[in-house]
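Have the sequence and the fold open side by side for this one. We'll go through the helices, what sits inside, what faces out, and where the charges pair up.

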Amino acid sequence: MKALNKVTGIIEISRLIALLSFVFGSLILLFFYLSEDSVFLIIGLIYLIAAFILNTIFLVGLIVKYPESEEKKRIKLSIILMLINIPIAYSYYLFAMQVFNKIIEFL
């Protein structure tokens, strides 16, 4: 937890969270698409909510640290990386809903 008090720690952790959110979200979507198993849809929706909360906490932390930091450029990049996940997650959600609707129609 000591790393969270330092701006550099928040920057590095937020970048890691943004990357892992993207990777895990992509894997869950891939497993859902390949298996067409609704369990992955449920896991994906739960993951979407959890990742949203975690990313929001760190995004707010970055925004709060921005005015007082000497590392404004690194914080801006981290904020952008976290914000890029929003349209990606939304498009994954729309894609999963389309696949799910096709599965339902098939049944």
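What follows is a walk from the helices to the core, then out to the surface and its charged pairs.

One thing to keep in mind as we go: this is a predicted model. Let's start with helix 3, since its geometry is easy to check. Helix 3 has 28 residues, and at 1.5 Å a residue they should span 40 Å. The C-alpha atoms at its two ends are 40 Å apart, so expectation and model agree. Which residues of helix 3 are buried? They are Leu41, Gly44, Ala51, Asn55, Phe58, Leu59, Leu62 and Lys65. If you're wondering about the spacing in a list like that, remember that an α-helix has 3.6 residues a turn, so residues three or four places apart point the same way.

Some of those names come back when we look inside. The largest nonpolar core has 11 residues: Val7, Ile10, Ile11, Ile17, Ala18, Phe58, Leu59, Leu62, Ile75, Ile79 and Met82. Helix 2, helix 3 (38-65) and helix 4 are the elements that give two or more residues to this core, and helix 2 gives the most, with five. Click on Leu59 for a closer look at how the pieces meet: setting aside its neighbours within four places in sequence, Leu59 is in contact with Ile79, Met82 and Leu83. Apart from this core lies another one, of six residues, including Leu29, Phe32, Val99 and Ile103.

Now turn to the outside. In soluble globular proteins, nonpolar side chains tend to be buried together. Here, though, there is also a nonpolar patch on the surface, made of Leu16, Leu19, Leu20, Phe22, Val23, Phe24, Leu27, Leu30, Phe31, Tyr33, Leu34 and Phe95. Together these residues have about 1,100 Å² of accessible area. Which element gives the most to the patch? Helix 2 does, with 11 residues; Leu19 is one of the patch residues and is found in helix 2. So helix 2 gives the most to the patch and also gives the most to the largest core.That leaves the charges. Side chains of opposite charge can pair when their charged atoms come close. How many salt bridges does the structure hold? There are three. In one of them Glu12 pairs with Arg74, with the closest N and O atoms 2.2 Å apart. This pair links distant parts of the chain, as Glu12 is in helix 2 (residues 7-35) and Arg74 is in helix 4 (residues 72-106), 62 residues apart. Both ends are partly exposed: Glu12 has a relative accessible area of 38%, and Arg74 has 27%.

Arg74 has another partner too, forming a salt bridge with Glu71 in which the closest N and O atoms are 2.6 Å apart. Glu71 counts as partly exposed at 24% relative accessibility. With partners shared, Glu12, Glu71 and Arg74 are joined into one network. Elsewhere, Glu68 and Lys65 meet in a salt bridge at 3.8 Å, N to O. Glu68 counts as exposed, at 58% relative accessibility, whereas Lys65 is among the buried residues of helix 3.

Finish on helix 4, where you'll find Lys76, partly exposed at 45% relative accessibility. From Lys76 to Tyr90 is 14 residues in sequence and 22 Å in space, C-alpha to C-alpha.

Note on methods
Residues numbered from 1 in each chain as written. Predicted model: local features only at pLDDT ≥ 70, side-chain atom pairs only at ≥ 80, totals over all residues. Heavy atoms only, no water. Salt bridge = Lys/Arg side-chain N within 4 Å of Asp/Glu carboxyl O. Helix = DSSP H or I, 4+ residues; strand = E, 2+ residues; numbered from the N terminus. Buried < 20%, exposed > 50% of the residue type's maximum accessible area, 1.4 Å probe, protein only. Patch = residues over 30% accessible without salt bridge, like charges linked within 9 Å, V, L, I, M, F, W, Y side chains within 5 Å. Areas by Shrake-Rupley, 256 points an atom, 1.4 Å probe, with all protein chains shown as cover. Core = buried A, V, L, I, M, F, W, Y, C linked by side-chain atoms within 4.5 Å. Contact = heavy atoms within 4.5 Å. Expected span 1.5 Å × (residues − 1).
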